[in-house]
Amino acid sequence: MPSTSSQSDKDPSTPHKQKGSTHWLVRSVLWALGVMLAGAFSVLAMIAIALAVAFPNLPDITDLSDYRPKLPLRVYSAEGDLMGEFGEERRNLTPIAEIPKVMTNAVLAIEDARFYQHGGVDYLGVIRAGLANVGKAKSQGASTITMQVARNVYLSSEKTFTRKIYEILLTFKLEHMLSKDQILEIYMNQIFLGNRAYGFAAASEAYYGKPLKEITVAEAAMLAGLPKAPSAYNPISNPQRARIRQRHIIDRMLENGFISAKEAETAKEQELKIKSGNGNTHVHADYVAEMVRQLMYNQYGDETYTRGLDVRTTVRTADQNAAYKALRRGIMDFERRQIYRGPEKFVVLPSKPTEMEETIDEVLEDHPDNGDVMAAVVLEADSKKIKAMRQGGALVEIVGDGLKPAQSGLSEKAPPNIKLRRGAVIRVAKTVKDTWEITQLPEVEGAFVALDPRDGSIKALVGGFDFRKNKFNHVTQAWRQPGSSFKPFIYSAALEKGFTPATVVNDAPLFFDAGVTGGQPWEPKNYDGTFEGPMSLRRGLAKSKNMISIQILRSIGTQYAQEWVTRFGFDAEKHPAYLTMALGAGSVTPMQMVVGYSTFANGGYRVNPWLVSKVTEQRGKVLVESKPPSLADSERVIDARNAFLMTSLLQEVTRSGTAARAQATLKRPDVYGKTGTTNDSMDAWFAGYNPTLTAVTWIGYDTPRKLGDRETGGGLSLPVWISFMETALKGVPVSEPTAPEGVIHVGNEWFYEEYARSSGVSGVGMDEKTEPLTVPLPPAEEKSRILDLFRN
């Protein structure tokens with residue numbers, strides 16, 4: 001029965017086939033699961049091995065709990081104004097609590113909006129970065145702020161799997177050890193933001209010139225765009241790209257609810273004031289800052305530039321800026337009287353405007369502005385007008401009196417190297433009338449220093465015309481002849497030898513024959529070439545009579561005078577015991593002179609000049625703190641009576657003598673001082689004081705040469721001193737010294753009590769006419785150098 005057989009064979013086969021298929025499927029699934037589990041275990045094993053190998057090699061991050069980044073040396077004025085900064089990284093360490101919310105919100109909006117919610121790693125971002133590396137693409141991935149801290153503080157910027165693994169491991173470690181606020185604080189202080197600024201506090205100063213606490217939404221958004229690419233989004237060099245990114249960040253801040261729609265609109269419309277200069281200081285005190293840097297380096301070595309030292313000085317901001325402006329103005333006034341030396345360079349200018357502007361910008365990079373003495377390139381020039389362009393395309397037009405300093409360069413007969421023509425690189429400056437004038441960088445140098453004679457604290461110091469042009473500090477390093485400004489120290493010595501302000505000295509010719517000099521006959525002269533006969537000591541100093549000083553020194557003895565001047569801080573070997581000392585033929589520094597005159601100002605004490613009042617580091621730890629010394633702790637080097645009489649004599653100089661302009665301009669009697677002009681007008685000085693402030697001005701060439709026949713201390717240096725004192729003494733009450741014990745007033749003159757009744761020296765040289773004199777002279781090898789010094 002075929003049909004029965006066929007049915008019986010078919011029925012049992014169907015369940016077997018279904019059962020076999022199900023079994024195969026289960027086995028396949030189990031096999032696949034096994035493979036996956038084995039793979040997972042392998043991966044986990046590999047990760048475990050990688051962790052076991054990598055984790056011990058991770059850097060120790062415990063020091064981040066007490067974050068101490070590289071911080072520069074900063075130098076401040078007495079009021080706390082920044083004067084200088086030294087270090088590769090410009091950074092202001094700012095605790096997270098002191099960082100304004102608008103700044104952190106701007107950063108979070110663009111860098112890591114979920115920073116306070118995630119565990120430190122954006123896993124999707126890590127996968128994306130890994131795939132990009134496999135495809136040889138260059139992608140930064142979606143690094144969180146914590147990952148950026150790990151990378152910036154401890155790792156390199158290379159884009160490899162190994163570096164990424166270390167970054168993730170460090171991220172976990174940071175999240176475990178530090179709070180979110182600690183991590184954000186490190187990021188906000190550590191990140192590089194261009195222009196040598198590290199951290200947002202430093203960037204705010206570098207780009208806006210203002211502290212971070214004063215920042216607006218618009219300013220915060222601009223800074224928040226810098227971490228991605230500091231050069232590409234730099235608001236100074238790339239303002240357009242920086243503006244585009246700023247607007248994007250403002251939108252992100254709005255999307256994340258950090259600001260309102262109105263605040264966003266206001267921020268987008270705000271016009272930002274970006275600093276264009278390289279400097280970050282508001283006080284012109286480069287020489288002061290350099291002095292402090294040297295002091296700190298001598299104490300702390302290389303740590304000076306990374307330890308975060310903040311140095312508070314004794315310098316007063318207003319006084320320092322007044323000194324800087326006064327000295328520069330004095331030097332530039334002198335420069336206007338000099339022959340025009342010609343343009344600094346000549347360049348060929350393209351005819352196309354855009355190419356021309358690019359050429360001018362490039363050329364002026366090598367001729368930067370020197371403060372208010374600015375560089376420009378001539379476009380057109382004739383006898384009536386100069387048209388020039390400054391960097392950035394600003395046009396300058398010079399006409400009328402503004403052309404006078406360079407008339408020789410506008411002449412048709414001017415030599416090629418002086419001729420003002422298209423392509424000439426020149427200097428221009430604004431006048432008091434807000435017009436332009438042509439000028440030139442000065443070759444002459446100068447120095448100014450002021451200190452408080454009551455404690456020696458330095459209040460202002462300018463070591464030269466411009467620190468970038470010449471870093472030589474003329475206040476402390478320039479040894480120059482003081483000329484007649486040294487005479488008061490000779491007069492001071494004479495008071496102790498019986499001379500009085502009323503002593504009569506003959507202003508008569510002096511003559512040295514060849515037998516005495518060992519060479520040519522020599523006849524010293526007064527500066528004006530005239531002789532006025534007998535006059536009092538007071539009048540002789542007021543009129544700066546050379547013959548009077550020589551007569552005094554000859555009378556008291558050169559050895560005695562040499563010893564006496566050392567009391568004021570001068571070096572004996574710099575002032576040989578010859579009659580030349582009467583006219584200031586020795587060598588001094590402006591700092592020595594300000595100390596010497598302070599001895600008269602404070603009643604007879606020699607003070608030590610000092611500059612640093614406090615040194616702190618990082619979070620305010622005080623390392624050094626100096627308190628102003630009292631005069632009682634200083635050395636008395638001359639009697640109070642001597643200081644009082646000298647002050648009286650020097651008051652006559654500023655009232656009716658060579659510095660009469662001082663009292664006339666300042667309109668106060670309590671200013672005292674002495675002019676000084678050396679032979680052939682190579683050095684011009686004024687040294688003077690008020691009971692609260694002593695100041696010294698010097699002007700001259702680094703390599704000594706004539707300033708000009710008509711240039712004197714009274715014409716060059718005194719105006720600088722007066723200009724400074726107008727600011728420094730504003731609001732200071734008039735205070736004239738009272739006579740100390742042992743000084744009496746008789747017949748309208750002051751005397752030591754023991755010399756008041758003709759017991760002192762009544763007269764000197766009254767019989768002098770033109771007879772030869774036998775006096776101590778220097779050795780033959782010095783004669784040729786100093787015989788011509790007897791003019792002032």
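A residue counts as buried when its relative accessible area is under 20%. By that cut-off Ser681 is buried, because its relative accessibility is 4%. The legends below describe close-up views of a predicted model.

**Figure 1. Ser681, a buried loop residue with positive phi****.** Ser681 sits in the loop that links β20 (672-677) to β21 (683-690). Its phi angle is near 55°, which is a positive value in a residue other than glycine. Ser681 has a relative accessibility of 4% and counts as buried.

**Figure 2. Asp434, an exposed loop residue with positive phi****.** The loop shown runs between β10 and β11 (436-439), and Asp434 is part of this loop. Phi of Asp434 is near 65°, again a positive value in a residue other than glycine. Asp434 has a relative accessible area of 56%. Asp434 is therefore classed as exposed, the cut-off for that class being over 50%.

**Figure 3. Arg427 in strand β10 and its polar partners****.** Strand β10 covers residues 424-430 and contains Arg427. Is Arg427 buried or exposed? Arg427 is buried, with 4% relative accessible area. A polar contact of 2.6 Å joins the side chain of Arg427 to the side chain of Glu344. The Arg427 side chain also reaches a backbone atom, the oxygen of Pro368, at 2.9 Å.

**Figure 4. Thr313 in strand β5 and its surroundings****.** Thr313 belongs to strand β5, which spans residues 309-313. The relative accessible area of Thr313 is 1%, so this residue is buried. A polar atom of the Thr313 side chain lies 3.3 Å from the backbone nitrogen of Val315. Leaving aside residues up to four places away in sequence, Thr313 touches Val75, Tyr76, Ser77, Ala78 and Met83, as well as Val292, Leu611, Val612 and Ser613.

**Figure 5. Leu272 in the loop between α11 and α12****.** Helix α11 (261-269) and helix α12 (286-300) flank the loop that holds Leu272. With 16% relative accessibility, Leu272 counts as buried, because that value is under 20%. Which residues does Leu272 touch, not counting those up to four places away in sequence? They are Tyr208, Ala218, Glu219, Met222, Arg243 and Gln246. Tyr208 is 64 residues from Leu272 along the chain, and the C-alpha atoms of the two are separated by 8.3 Å.

**Figure 6. Packing of helices α9 and α10****.** Helix α9 is formed by residues 217-224 and helix α10 by residues 239-255. The axes of α9 and α10 are 8 Å apart, and the packing angle is about 110°. The two helices are therefore roughly perpendicular to each other. The crossing of α9 and α10 is right-handed. On the α9 side the contact is made by Val217, Ala218, Ala221, Met222 and Ala224, and on the α10 side by Ala242, Arg243, Gln246, Ile249, Ile250 and Met253. Among these residues, Ala218 and Met222 of α9 and Arg243 and Gln246 of α10 also touch Leu272.

**Figure 7. Packing of helices α13 and α25****.** Residues 317-335 form helix α13, and residues 713-728 form helix α25. Their axes are 9 Å apart and make an angle of about 155°. That angle is over 145 degrees, so α13 is roughly antiparallel to α25. The helices α13 and α25 have a right-handed crossing. From α13, the residues that meet α25 are Ala318, Asp319, Ala322, Ala323, Ala326, Leu327, Arg329, Gly330 and Phe334. Their counterparts in α25 are Leu716, Val720, Ser723, Phe724, Thr727 and Ala728.

**Figure 8. Packing of helices α17 and α22****.** Helix α17 (residues 487-495) and helix α22 (residues 590-601) cross at roughly 40°, and their axes come within 11 Å. That makes α17 oblique to α22. The crossing of α17 and α22 is left-handed. Pro488, Phe489 and Ser492 of α17 meet Met593, Gly596, Tyr597 and Phe600 of α22.

**Figure 9. The whole chain, as context for the close-up views****.** The chain has 26 helices and 25 strands. Of its 792 residues, 52% are buried. The chain exposes about 36800 Å², and 53% of that area is supplied by carbon and sulfur atoms. Among contacts with a separation of 6 or more, 71% are between residues 24 or more positions apart.

Note on methods: Residues numbered from 1 in each chain as written. Predicted model: local features only at pLDDT ≥ 70, side-chain atom pairs only at ≥ 80, totals over all residues. Heavy atoms only, no water. Helix = DSSP H or I, 4+ residues; strand = E, 2+ residues; numbered from the N terminus. Buried < 20%, exposed > 50% of the residue type's maximum accessible area, 1.4 Å probe, protein only. Polar contact = N/O pair within 3.5 Å; in protein donor to acceptor, adjacent residues only side chain to side chain. Contact = heavy atoms within 4.5 Å. Areas by Shrake-Rupley, 256 points an atom, 1.4 Å probe, with all protein chains shown as cover. Axes fitted to C-alpha atoms, helices over the stretch in contact; angles between N-to-C directions. Parallel < 35°, antiparallel > 145°, perpendicular 65-115°, else oblique. Left-handed = near helix turned anticlockwise from the far one by under 90°.
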